[in-house]
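Colleague: I am new to this one and would love a guided tour. Could you show it to me and then take my questions in turn?

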Amino acid sequence: MKRVNSAALAATLALAGPEALAGDDIEQLRQMIDALRSDYEARISDLESRLAAAERSSQVARRAAAEAVDIAEESAIAAGGGQVAANAFNPGIGAVLVGRYADLDGGWESIPGFATEGELGPGEDGFSLGESEVNFKAAIDASFFGNLTLALEDEDGDTEVAVEEAWIQATSLPGGLTATAGRHFSGLGYLNGFHRHADDFSDRPLPYQAFFGGQYIGDGLQLRWLAPTALFLELGAELNWSSRFPATGEGASPDAWTLFGHVGGDIGSSHSWQLGLSYLDLEVTERAAGEDGEEAFSGDSALSGIDFVWKWAPQGNSALTHFKLQGEYFQRREDGLFGDRSYDGDQNGWYLQGVWQFQPRWRVGYRHDQVDSDNGVQFLGTALEDPDHRPERDSLMLDFSPSEFSRLRLQYTRDRVTGETQDQLVLQYLMSLGAHGAHKF
Amino acid sequence: MKRWILLFMLACAAGNARALEVFACEPEWAALVRELGGDAVSVQAATTAFQDPHRLQARPSLIARARQAQLLVCTGAELEVGWLPLLLRRAGNARIQPGMPGHFLAAEFVRRLEIPQRLDRSQGDVHPQGNPHLHLQPRNVARVARQLGERMAQVDGANATVYRQRTEQFLARWDSAVAGWESRAAALAGTRVVAHHRSFSYLADWLGLDVVATLETRPGVPPSGAHLASLLEQLTPAPPAAIILTPYENEKPARWLSERLQVPVLHLPFTVGGDEASVDLVSLYEQHLVLLEQLGS
């Protein structure tokens with residue numbers, strides 16, 4: 001219609017010459033031009049309003065799109081979880097596989113001057129399976145955490161299952177308190193709190209073997225208190241009824257109590273340290289010595305110890321290189337009867353070790369460990385006979401960890417426990433699968 | 001006697017007026033807490049930009065700090081799995097245990113990338129809940145800020161209005177900063193880079209960077225010589241623009257490859273404190289863009 005109007009105007013202009021335009025014609029033309037102008041104005045305002053509408057709807061669309069992304073993300077997040085857990089599974093299940101090949105140059109099963117029980121010494125020649133371990137751990141509910149570790153061992157062709165740890169922990173006590181009940185690694189010393197597969201050497205240092213049979217594990221109660229200070233200060237006490245060496249566990253009253261304390265902190269961002277003191281008091285009843293156990297000890301055993309660890313990593317970044325120096329000293333006084341003779345013995349032992357990760361995945365370490373006994377001359381011919389040498393060892397190790405979950409280790413030990421020097425070589429693998437292990441300090 | 005009671009009451013009042021104690025696992029969350037809390041909070045980060053948050057140990061100083069905290073702010077998604085559960089058990093602090101309002105995990109509130117289809121450690125140290133290095137995507141920061149501000153208001157009701165107000169202010173500032181960065185991002189899209197670990201996946205996702213390879217064979221497994229050699233062969237026909245690194249990653253493998261490919265090693269700050277210019281979240285992002293833009297020029 002509009003197009004026809006403009007075409008008509010153009011035709012009129014073309015046909016009629018300017019001289020032919022009369023007054024009427026001019027008036028007519030003016031009217032037509034006015035009509036055209038109002039027509040175009042209407043069309044422009046129509047277009048403008050349509051444009052505004054389109055803009056509004058695109059804004060709506062954009063907002064809708066953003067909302068859709070948000071909703072999609074939220075549902076993806078809801079599906080994903082995001083909790084820090086030992087594993088996506090509940091409980092966290094982990095297993096540790098250990099095996100080794102050893103050339104022990106004789107080896108030994110007891111330490112001269114010490115009446116001990118259980119498996120001591122560097123173990124068997126050739127290939128042997130170490131302690132395979134299965135661990136379950138999880139929060140039980142909002143108040144308790146539980147942990148169970150089973151150790152599987154071969155004993156003369158039979159497989160034995162031992163409960164190594166079975167404890168519950170109250171995690172929501174007020175005032176910085178943490179309570180643990182069950183079978184637990186005692187809080188004394190430094191190394192005692194670690195699983196053996198986390199050790200830096202293939203066996204425990206001599207004082208741990210002589211005084212605890214490798215590790216002091218208690219059945220009972222532990223209470224820890226953490227001070228509300230910037231300096232780490234932790235105090236703990238335990239009551240135990242254990243029947244494992246060095247305890248003998250009989251009767252309704254606890255046969256052991258433990259006190260321990262740790263302080264620690266950082267120096268700058270590259271250094272951190274911890275210092276500890278511990279005391280263990282045991283009431284021992286008929287603790288047999290050695291395999292045949294012809295004579296047994298009954299009486300009071302009091303052990304005190306001091307431990308320290310210092311760790312260095314450049315700017316606290318242990319991934320590339322780090323160094324760890326640790327040492328512990330224990331002394332023990334036992335008072336009572338050995339067989340039918342009165343016994344009042346003093347023993348002590350210590351170790352010092354350094355481990356250096358010199359490049360990612362590779363570590364090298366050195367350890368010296370030794371024990372001394374002063375039991376008196378009346379025990380000649382028994383397990384308590386003081387040796388005329390000092391049982392001591394020097395060990396060098398090199399290990400390679402392809403990932404955080406696997407480790408291969410070569411260890412050489414110059415062993416003078418029995419009095420003659422043995423050159424021992426151990427090649428070991430330690431692998432963990434399942435739940436992510438804890439990075440304990 | 002009266003004087004003692006008065007002193008005791010004063011001490012209690014002083015105790016109430018004390019700042020909200022926050023334990024942050026990583027510097028980026030400490031920076032966010034500072035933005036949202038201002039003077040009402042006292043926050044320290046457990047890690048610095050120079051420490052790998054995967055590899056930390058539950059060391060005594062951290063346990064002592066966690067003991068005092070009223071709010072714990074961490075990434076989650078298993079980034080801290082090696083040390084945080086142990087730290088929480090040792091800290092004797094019921095307020096920050098999982099499930100409590102004082103236990104805040106950023107990963108719960110954002111969409112995570114690289115959620116593995118198959119869970120198997122032969123794939124390296126994979127995280128079942130996806131890539132946890134999620135702070136280098138501005139949308140994630142905004143989402144976490146909104147949730148964290150609300151959580152701080154919940155834990156410390158006395159200062160709730162301060163937290164809510166500061167959160168709104170931060171988000172407004174953040175949105176305008178993000179608009180600025182995104183207008184510059186088009187020039188960076190498609191830039192090909194090699195990363196050490198999958199630390200920059202979210203940044204790459206946001207800016208459209210193309211991470212053509214990682215130096216680690218698998219996540220958490222240090223680069224091996226054989227893998228580097230194969231990367232060299234693979235990348236020689238079309239070298240990337242740069243090899244990007246966080247401050248805590250080993251520079252050696254990157255240097256080796258960079259010399260042979262004739263491409264630069266680019267140290268990105270990764271988190272707050274990673275270089276001198278990155279003092280808060282805004283300057284951290286700005287610094288990443290500036291450093292990446294310098295590659296092109």
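Modeller: Gladly, and one definition will help: a residue is buried if 20 or more other C-beta atoms, placed from the backbone, lie within 10 Å of its own, exposed if 12 or fewer, and partly exposed in between. This is a predicted model, in which local features need pLDDT of at least 70, side-chain atom pairs count only at pLDDT 80 or more, and totals for chains, interfaces and linings use all residues. Residues are numbered from 1 along each chain as its sequence is written, while chains are lettered from A and ligands numbered from 1 in the order in which they are written.

Colleague: Along strand 8 of chain A, which side chains point to the face that is buried?

Modeller: Strands (E, at least two residues) and helices (H or I, at least four) are DSSP runs, numbered from the N terminus. Strand 8 covers residues 232-240 of chain A, and its side chains alternate. A:L233, A:L235, A:A237 and A:L239 point to one face and are not buried. The buried ones, on the other face, are A:F232, A:E234, A:G236, A:E238 and A:N240.

Colleague: How many bridges join strand 8 of chain A to strand 9 of chain A?

Modeller: Two strands pair if DSSP finds at least two bridges between them. Strand 7 of chain A pairs with strand 8 in the antiparallel sense over 7 bridges, and a hairpin of 5 residues joins these two strands. On that side, A:L235 of strand 8 is the bridge partner of A:W225. Towards strand 9 of chain A, A:E234 stands opposite A:H262, and the antiparallel strands 8 and 9 are joined by 9 bridges.

Colleague: Which element of chain A gives the most to the side that touches chain B?

Modeller: Counting two residues as in contact if their C-beta atoms, placed from the backbone, lie within 7 Å, 51 residues of chain A are in contact with 51 residues of chain B. At least two residues each come from helix 2 (23-80), strand 6 (177-185), strand 7 (217-226), strand 9 (256-267) and strand 10 (271-288) of chain A. With 4 residues, the one that gives the most is helix 2 of chain A.

Colleague: In chain B, why does strand 2 have one side without a neighbour in the sheet?

Modeller: The open sheet here has 4 strands in the order 2-1-3-4, with parallel pairing. Strand 2 (41-45) and strand 4 (103-105) of chain B stand at the edges, so one side of each is left without a neighbour, as each has a single partner strand.

Colleague: What angle does helix 5 of chain B make with strand 3 of chain B?

Modeller: Strand 3 (residues 71-74) runs parallel to strand 4 of chain B, joined by 3 bridges, with B:L72 opposite B:H103. Helix 5 (residues 138-155) lies across strand 1 (20-24), strand 3 and strand 4 of chain B. Axes are lines fitted to C-alpha atoms, for helices over the stretch in contact, and angles run from 0 to 180 degrees between N-to-C directions. For helix 5 against strand 3 of chain B, the angle is about 165°.

Colleague: In the sheet of order 6-5-7-8 in chain B, what is the pairing?

Modeller: Take strand 5 (residues 192-195) and strand 6 of chain B, which are joined by 4 bridges, with B:V194 opposite B:A213. For this open sheet of 4 strands, the pairing is parallel.
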